[in-house]
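Thanks for coming. I have one structure to go through today, and I will keep to what can be read from the coordinates.

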Amino acid sequence: MKLKVGQFIAACLLCGLSFWSSLLWAQSEPASSTALFRVTLLGTGTPVPQINRAGNSTLIEAGNQKFIFDFGRNASARLWQLGIPLGRIDAFFLTHFHSDHIIGFPDFWLIGWLQPAYGSRKLPLQLYGPTGVKAFATGLEQAYASDIATRQQDEQTPLDGVMIDAHDCLPGLVYDKDGVKIYSFNNDHGDKIKPSYGYRIVYRDHVVVISGDTRYSPEVVKQATGADILIHSVSMTSPELLKANPGYKAIAAHLSAPEDAAQVFNQARPKLVILSHIGLNGDVTVSNIAGIVQNHYNGAFVIGEDLMRFNIPTQDSQGQISMWIGAGK
């Protein structure tokens, strides 16, 4: 059964947003692979170690190309749940250097280099991100030098596939190939967390924007205005926890509360908002977040769950974004 996003949101709001992960929508692929423009949430979580939400990570498929944005804990396992080899990704994009966004990168890199079906990379891994990505890659290559040498000698794994071709990028166009253009831009993750990027992905005159970790940001509004999909971070902390643990004050100060996120949505008016990288700190729930956003924003939005998938129609300009949950096509 396939539902449009508006129908899905209406059903979930009526049922109290309590059963997201139990729903499954089957959807056929677009008639032509070049028409594919799809978003999959690999991980919607935060630094909190948990099974139901992998660390923050998003898969974007555009035509025959596949891209991953941020590399949280267990995101590689989510990718393989979809039957996509870790070595199949055309390029990786980092928003910033917080550990929960990079902790899963060695898994994508090294396991993706192995030659069984779950890996199979034979060409250098392409990595884009803020200034510092090259140094990050160099440090990893040094840290894992023994493993790389051992596997190459023992398993004869081709060395090209374990090389990292890292690109330090300034805001602007960072990727342009086969009709896909990807732009980085500065968001606002607080005065002490710089550089910090969001990304704008353009394919066949359709647009997906990933906010990255940010509090209210006029630049996110600018980049997301009229977009097909805006994927935006959100965080909510109970007043009791803010009082009991001062560290959460800093977290709250550099992330978007539901009210802040709704302000962005009202100004940008994308066709669909997906809330991801969902921070639930203290006695708060996704229903609390959804209720606040609904009270401040009358557009279409979805509370993200791992393995939610969204197709953007690129052949029929009148088509609607469709959605389903799970590893099936």
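I start at one edge of a sheet, where strand β13, residues 272–281, runs parallel to β14 and is joined to it by three bridges. Within that pairing, V273 has F301 of β14 as its bridge partner. Before going further, please note that this is a predicted model.

Now the rest of that sheet. It is open and has seven strands, in the order β8-β9-β10-β11-β12-β13-β14, with mixed pairing. The edge positions belong to β8, residues 172–177, and β14, residues 301–303; each has a single partner strand, so one side of each has no neighbour in the sheet. From one strand to the next, the twist averages 20 degrees. As a reminder, strands in a sheet pair through backbone hydrogen bonds, and the pairing can be parallel or antiparallel.

Let me move inward to β12. Which strands does β12 pair with in the parallel sense? One is β11, residues 206–210, over three bridges. The other is β13, over nine bridges. For a residue on each side: V208 stands opposite I229 in β12, and T237 stands opposite N281 in β13.

Is β12 mostly covered or mostly open? It is mostly covered, with nine of its nine residues buried. In a regular strand, side chains alternate between the two faces of the sheet. In β12, I229, I231, S233, S235 and T237 point one way, while L230, H232, V234 and M236 point the other way, and all of them are buried. Note that both sets include residues that are not hydrocarbon side chains: S233, S235 and T237 in one, H232 in the other.

Next, the helices that lie over this part of the sheet. Helix α10, residues 258–268, lies across β12 and β13, and runs at about 160 degrees to β12. Helix α11, residues 286–296, lies across β12, β13 and β14, and its angle to β13 is about 135 degrees. So much for helix against sheet; now helix against helix.

The axes of α10 and α11 come within 9 Å and cross at roughly 40 degrees. That angle makes α10 oblique to α11. The crossing is right-handed. From α10, the contact uses P258, E259, A262, F265 and N266; from α11, it uses I289, I292, V293 and H296. Sorted by class, this contact has six nonpolar, two polar and one charged residues.

Just before α10 there is a residue I want to point out. H254 sits in the loop between α9, residues 247–253, and α10. Is H254 buried or exposed? Its relative accessible area is 17%, so H254 counts as buried, the cut-off being under 20%. What does H254 touch, leaving aside neighbours within four places in sequence? The contacts are D188, H189, G190, I193, T214 and R215. Of these, H189 is 65 residues from H254 in sequence, yet the C-alpha to C-alpha distance between the two is 5.1 Å.

A second buried residue sits in another strand. T58 lies in β3, residues 57–62, and has 4% relative accessibility, so it counts as buried. With neighbours within four places in sequence set aside, T58 is in contact with V39, T40, L41, L42, F67, I68, F69, D70, I210 and I231. The last of these brings us back to β12, where I231 is one of the buried residues.

One more helix pair, for comparison. The axes of α4, residues 105–113, and α6, residues 145–155, come within 11 Å and cross at roughly 15 degrees. The two helices are therefore roughly parallel to each other. Their crossing is right-handed. On the α4 side the contact residues are W109, L110 and W113, and they meet D147, I148, R151 and Q152 of α6. By class, that contact has four nonpolar, one polar and two charged residues.

Last, some totals. The protein chain has 11 helices and 16 strands. Of its 329 residues, 53% are buried. Among contacts with a separation of 6 or more, 65% join residues 24 or more positions apart. H254 and H189, at 65 residues apart in sequence, are one example of residues set that far apart.

That is what I have. Questions are welcome.

Methods. Residues are numbered from 1 along each chain as its sequence is written. This is a predicted model: local features need pLDDT of at least 70, side-chain atom pairs count only at pLDDT 80 or more; totals for chains, interfaces and linings use all residues. Side-chain values use heavy atoms; hydrogens and water are left out. Axes are lines fitted to C-alpha atoms, for helices over the stretch in contact, and angles run from 0 to 180 degrees between N-to-C directions. Helices (H or I, at least four residues) and strands (E, at least two) are DSSP runs, numbered from the N terminus. Angles under 35 degrees count as roughly parallel, over 145 as roughly antiparallel, 65 to 115 as roughly perpendicular and the rest as oblique. A crossing is left-handed if the near helix is turned anticlockwise from the far one by less than a right angle, and right-handed if clockwise. Contact means heavy atoms within 4.5 Å. Ala, Val, Leu, Ile, Met, Phe, Trp, Tyr, Cys and Pro count as nonpolar, Asp, Glu, Lys and Arg as charged, and the others, Gly among them, as polar. Two strands pair if DSSP finds at least two bridges between them. Buried means under 20% relative accessible area, exposed over 50%, partly exposed in between (1.4 Å probe, protein chains only).
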